[in-house]
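Got the viewer open? Let's take a walk through this one, a stop at a time.

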Amino acid sequence: MYQDKPSERVHLIDTLLGLFAVDEEGEPIDHVFYPREVEAVAEALERHLRGDVTPWLEELLNRLKGRGVRAITTSNRGLAEASMKLGLEAEAEASEAERRFRGRLGELAVELGLIEEAGELHQLSHRVSEYITRRRVSEALAERETHIAQAVHLLANLDKALNALSSNLREWYGIHFPELSQLVSDHETYARIIAELGGRDEIDVEGLRGIGVSAERSRRIVSSAKSSIGAPLMESDLNTLRELAGGILSLYECRRRLEDYLTALMEEVAPNLSRVAGPILAAKLVEKAGGLRRLAMMPSSKIQLLGAEKALFRALRKGGKMPKHGLIFQHPLIHRSPRALRGRAARLLASKLALAARADAFTGAPIGDRLRDELEGELEALRKNR
């Protein structure tokens, strides 16, 4: 069927069936078939596009070189690069010979007994394209998941830093106005009062209201400032405290921007999981599981206890009480539930999270809103029937 004496230059063509060497008329000279599995075909095609030397290419080119071939022409630039690595001259350009050969590839495949009818080649093309597309999407998502993990780590570090710095600020400013710490529990509001108003003598109702403090609380703060037992501050002390408070406020703004970034990223990577868990908790679950696919392959019972591993091992080792939830306790539907219902509520939430993660990882079906509605309905029924 094939010619016995090829010329010194042949046309090299990568197809779904394998690699073919053809002459100037598009007639086949030699070939190497790929395995029939879709995964193997996709791997060969992608590696040749990247310019990798594969066993199939090496086998074919070694035979061709043994028959006097010294140069190849191919429309696949990666295949040309790989051929040059194996010692052949290569030119990357489309040719009439390749066009002719591809036009009768289905007919040739039937002739070679690879398929029963030409239409099967189209079906194989569809399966290989679908596989390659899904793998590329998966690889792209895996890359995005790296950013999720880094953002989650940064968020945790910001929270630690803010708690530590806010404690330092309260302790130091408390020397001057100790009563304020009892009146203002929110760290950011406390820092804003110091940064924008300064010492206790400059604190007034109008300034507090401008910060967002309620009218009643503003009056109580002003009253406490006037009767405070705290020590006076030198101007240099107050300036340093205001600078520290301003730095804390900047960190809070950085944290908000990071949350916005993480929300957008999770909407891109795991929209269903974000609908059910909320984007920040969803990101923490993905990071803790080691990736979206790993989370999707976990049973709901394991998702329920993600983040509670130390408590679980301690209970197993010492025979103590088993934890009912891990990270998912941060979900408002869990921590707002009555204590007696939290275990059952956590199981319900974990089952919905498992379904959402699987949809995001494998199908892309938009089921997040439905799962969230189902969860709220089931939890409401649970509360009524307790």
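Before you select anything, one working rule: two rings of Phe, Tyr or Trp pair if their centres lie within 6.5 Å, with the six-membered ring standing in for Trp. Planes under 30 degrees apart are called stacked, those over 60 edge-to-face, and the rest tilted. Keep in mind too that you're looking at a predicted model.

**Stop 1: the whole chain.** Start in cartoon view. You'll find 19 helices and 5 strands in the protein. Now turn it around: the C-alpha trace spans about 105 × 60 × 40 Å along its principal axes. The radius of gyration is 33 Å, whereas a compact globule of 386 residues would come in near 21 Å. Still, 61% of the contacts with a separation of 6 or more are between residues 24 or more positions apart.

**Stop 2: the surface.** Switch on the surface and you have about 20,500 Å² of accessible area, 50% of it belonging to carbon and sulfur atoms. Buried residues make up 45% of the 386. Colour by charge next: there are 57 positive and 58 negative charges, and their mean positions are 11 Å apart.

**Stop 3: the Phe cluster.** Hide the surface and select Phe20, Phe33 and Phe101, which form one aromatic cluster. The protein has 4 aromatic pairs in total by the ring rule. One of them is Phe20 with Phe101, 5.0 Å centre to centre with 45° between the planes, which makes the pair tilted. What does this pair tie together? Phe20 lies in strand β2 (residues 18-22) and Phe101 in helix α4 (residues 96-103), so the link joins parts that are 81 residues apart in sequence.

Are these two rings buried or exposed? Phe20 has a relative accessible area of 0%, so it counts as buried. Phe101 is at 1%, so that residue is buried as well.

**Stop 4: a Tyr pair.** Now pick Tyr173 and Tyr190. Their ring centres are 6.1 Å apart and their planes sit at 90°, so this pair is edge-to-face. Tyr173 belongs to helix α6 (residues 119-173) and Tyr190 to helix α8 (residues 187-197), so the pair ties together parts 17 residues apart in sequence. Try showing the surface again here: both Tyr173 and Tyr190 are buried.

**Last look.** Zoom out with both sites still highlighted. You should have the cluster of Phe20, Phe33 and Phe101 and the edge-to-face pair of Tyr173 and Tyr190 on screen together.

Terms used: Residues numbered from 1 in each chain as written. Predicted model: local features only at pLDDT ≥ 70, side-chain atom pairs only at ≥ 80, totals over all residues. Heavy atoms only, no water. Helix = DSSP H or I, 4+ residues; strand = E, 2+ residues; numbered from the N terminus. Rg over C-alpha atoms; globule rule 2.2 N^0.38 Å. Buried < 20%, exposed > 50% of the residue type's maximum accessible area, 1.4 Å probe, protein only. Contact = heavy atoms within 4.5 Å. Areas by Shrake-Rupley, 256 points an atom, 1.4 Å probe, with all protein chains shown as cover. Lys, Arg positive; Asp, Glu negative; His and termini not counted. Charge placed at Lys NZ, Arg CZ, Asp CG, Glu CD.
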